[in-house]
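Student: I should like to take a close look at a single part of this protein, namely the packing of its helices. Please begin with the overall setting and then proceed to the detail.

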Amino acid sequence: ILQVGPKKEVAECKEKFASSVDPTVSQTFMLDRVFNPEGKSLPPMRGFKYSSWSPLGCDANGRCLLAALTMDNRLTIHANLNRLQWVQLVDLTEIYGERLCEASYKLSKADTPRGELEDFSEFQRRHSMQTPVRMEWSGICTTQQVKHNNECRDVGSVLLAVLFENSNIAVWQFQLPFLGKESITSCNTIESGISSPSVLSWWEYEHNNRKMSGLIVGSAFGPVKILPVNLKAVKGYFTLRQPVVLWQEMDQLPVHSIKCIPLYHPYQKCSCSLVVAARGSYVFWCLLLISKAGLNVHNSHVTGLHSLPIVSMTADKQNGTVYTCSSDGKVRQLIPIFTDVALKFEHQLIKLSEVFGSVRTHGIAVSPCGAYLAVITTEGMTNGLHPVNKNYQVQFVTLKTFEEAAAQLLESSVQNLFRQVDLTDLVRWKILKDKHIPQFLQEALDKKIESCGSTYFWRFKLFLLRILYQSMQKAPSEVMWRPSHEDAKILISDSPGMGSTEDDQEEGTSKRASKQSLCDTGKGMDVDDAADDSLPQSSDIGGHEPMEEKLLEIQAQIEAVEMHLTREHMKRVLGEVYLHTWITENTSIPTRGVCDFLMSDDGYDDRTARVLIGHILKKMNKQTFPEHCSLCKEILPFTDRKQAVCSNGHIWLRCFLTYQSCQSLVYRRCLLHDSIARHPTPEDPEWIKRLLQGPCTFCDSPVF
């Protein structure tokens with residue numbers, strides 16, 4: 001329930017309005033679910049009106065935050081702190097209501113006092129000024145903060161704009177990583193002046209290395225305009241001097257959705273901003289370009305797209321392609337093409353009925369790198385009759401070919417596999433289906449590794465080899481999720497496979513992933529086709545031995561790539577140790593063990609590593625600072641990158657980020673279960689905490 005005054009007074013006012021003899025008051029109050037959320041005979045207010053994802057890197061794990069607006073007008077922020085577990089961090093509706101109550105429901109001190117709560121118009125005003133309509137996240141802003149010792153550190157922040165029914169906009173500023181109420185930096189309220197606001201979007205434009213921002217607001221009556229956002233607390237932040245009207249006609253075409261796409265103008269040789277808005281069955285577009293003369297605005301409408309109103313719109317921000325859909329199952333793809341003055345759109349129809357049959361569409365979304373289009377559908381009409389029950393499904397349509405996805409991964413500027421998971425999924429599906437890595441991809445990747453040597457391409461190579469290994473394995477004969485009733489016990493210290501605990505877990509994970517992938521691939525195949533495409537069984541003696549040899553060869557390549565990535569990360573860790581330690585200083589990182597591990601292989605000849613190790617050994621001054629087992633106090637030798645075993649047989653897994661032994665029962669795990677990492681402790685210095693914030697060195701996944 002929204003905070004509009006003291007509880008006792010609010011209850012008395014509600015009873016008064018409900019029993020009012022004036023039907024314009026009593027009926028308005030009883031039918032409005034904002035005033036009357038209980039509803040009595042009306043259905044309960046369950047579900048969500050709207051949700052919005054923040055950019056990557058906003059929560060404690062470097063992932064996205066989720067802002068959710070419920071049907072009863074509660075705006076909350078959630079985070080995925082543990083794997084498959086979402087936690088509510090803050091209730092913004094409650095905090096904003098408290099702020100309004102402290103300010104006597106005035107936006108500024110200069111505002112004249114309004115009427116009492118007993119006045120129905122004042123009762124409506126207090127509700128409308130805190131009833132959210134939409135909310136959208138901005139991009140991440142990075143500023144420098146000066147510490148007490150005059151050191152500068154980068155501090156990230158993100159903005160969340162919330163549009164209310166009374167056309168006001170609250171702009172929340174959060175410090176990153178967002179942990180809860182204590183991470184709220186400020187909250188500013190802007191008056192938009194737009195009647196009946198319906199939609200909101202951030203306008204972000206970069207010109208001459210200066211980032212500008214504003215808020216695009218659309219109305220249910222038709223107008224669209226950009227508002228300046230003046231935030232004094234955000235340094236390096238620029239905005240417009242005054243509002244810019246993009247469309248001013250009150251033509252009663254409601255603005256349903258707004259997208260802002262940054263593009264490069266090939267004729268003007270500068271960056272520009274394309275704003276597209278769904279208005280009825282049309283798409284309104286506006287091209288914004290800053291020149292010496294000022295801000296140039298070109299706008300128009302794209303007509304003839306749909307016979308019904310557009311219900312959803314999404315955009316691929318990498319190439320500017322816009323997708324729209326109406327409820328009759330038709331999706332339009334709009335490709336912007338620049339001209340000398342402005343631009344034009346080429347559009348083509350995507351008939352979902354040819355793929356999924358007769359369906360009704362309710363929403364669409366494009367994946368971050370444009371590999372998939374997700375469509376929410378229900379059954380369409382059959383023989384002119386609507387279905388009795390609605391079954392909502394999320395369907396996926398591929399928008400790129402395997403060759404396009406592979407080329408985009410090779411030329412990517414992001415260089416992070418986790419952030420391009422939709423592209424890697426297309427590559428994974430192709431390799432699982434064909435059971436080999438295409439020759440052109442192998443050659444192109446080898447050239448990238450030889451010319452560049454970036455660890456990103458080594459991780460990409462490891463990803464391809466692992467998927468190839470999965471495709472060569474036989475599908476398990478029994479269901480993996482079904483528990484076995486065998487009660488076999490074995491002593492941990494006597495276990496023959498204890499030396500490769502993590503390898504066994506990785507193998508089990510890869511088998512499960514392989515089964516799921518093969519099931520997904522085989523959905524469109526007949527049983528006979530799937531049987532023909534399967535690997536030969538163990539009874540086929542002629543093909544069994546070559547397959548085993550092939551698997552051993554791939555496994556050897558996987559281990560070689562993993563060892564290369566481990567050595568590269570060890571060099572990074574040693575570099576941090578050298579930069580942040582004094583002479584003969586004992587750190588919790590097994591520095592001497594890592595140095596000996598790198599130098600133990602005669603075939604590994606890296607001059608950079610040898611020079612770095614020489615400097616570190618000189619700084620350590622013949623000290624070893626070994627790790628000790630917490631159970632028996634014996635020395636833990638550094639003989640394996642994955643685990644440490646003392647002379648009494650106690651086994652501790654090693655953190656893959658710092659190579660320390662994790663001598664506790666609680667530790668973190670990479671999202672794909674590649675490796676484990678320890679939790680940071682209060683006594684850890686800042687540089688070790690920074691190392692522990694890194695992603696997995698094998699797959700770029702965050703660590704939970």
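How many helices and strands does the secondary structure of the protein come to? With that established, please describe how helix α7 packs with helix α6 and with helix α9.

Tutor: The model is a predicted one, and its secondary structure comprises 15 helices and 31 strands. Of the 704 residues in the protein, 46% are buried. Where contacts join residues at least 6 apart in sequence, 54% of them link residues at least 24 apart.

Two packed helices are described by the angle between their axes and by the distance between those axes. Helix α6 spans residues 402–410, and its axis lies 9 Å from that of α7, at an angle of about 130°. Because angles from 65 to 115 degrees count as roughly perpendicular and those over 145 as roughly antiparallel, this value makes α6 oblique to α7. The crossing of these two helices is left-handed. On the α6 side, the contact is formed by Phe402, Ala405, Ala406, Gln408 and Leu409; α7 contributes Leu423, Thr424, Leu426, Val427 and Lys430. Sorted by class, the residues of this contact are seven nonpolar, two polar and one charged.

The other packing to consider is that of α7, residues 421–434, with α9, residues 455–472. Their axes come within 9 Å and cross at roughly 35°. Here α7 passes α9 in a right-handed crossing. The residues of α7 that make this contact are Thr424, Val427, Arg428, Ile431 and Leu432, and they meet Phe463, Leu464, Ile467, Leu468, Gln470 and Ser471 of α9. The contact of α7 with α9 contains seven nonpolar, three polar and one charged residues. Thr424 and Val427 of α7 thus appear in the contact with α6 and also in the contact with α9.

Aromatic pairing adds a further element to the picture. The structure holds 23 aromatic pairs. In the pair of Tyr456 and Phe457, the ring centres are 5.2 Å apart and the planes stand at 65°, so the arrangement is edge-to-face. Tyr456 has a relative accessible area of 1% and is therefore buried. Phe457 likewise counts as buried, at 3% relative accessibility. Elsewhere, ring pairs connect Tyr96, Trp137, Phe164, Trp172, Phe174 and Phe178 into a cluster.

Technical notes. Residues numbered from 1 in each chain as written. Predicted model: local features only at pLDDT ≥ 70, side-chain atom pairs only at ≥ 80, totals over all residues. Heavy atoms only, no water. Axes fitted to C-alpha atoms, helices over the stretch in contact; angles between N-to-C directions. Helix = DSSP H or I, 4+ residues; strand = E, 2+ residues; numbered from the N terminus. Left-handed = near helix turned anticlockwise from the far one by under 90°. Contact = heavy atoms within 4.5 Å. Nonpolar A, V, L, I, M, F, W, Y, C, P; charged D, E, K, R; others polar. Parallel < 35°, antiparallel > 145°, perpendicular 65-115°, else oblique. Phe/Tyr/Trp six-rings, centres within 6.5 Å; stacked < 30°, edge-to-face > 60°. Buried < 20%, exposed > 50% of the residue type's maximum accessible area, 1.4 Å probe, protein only.
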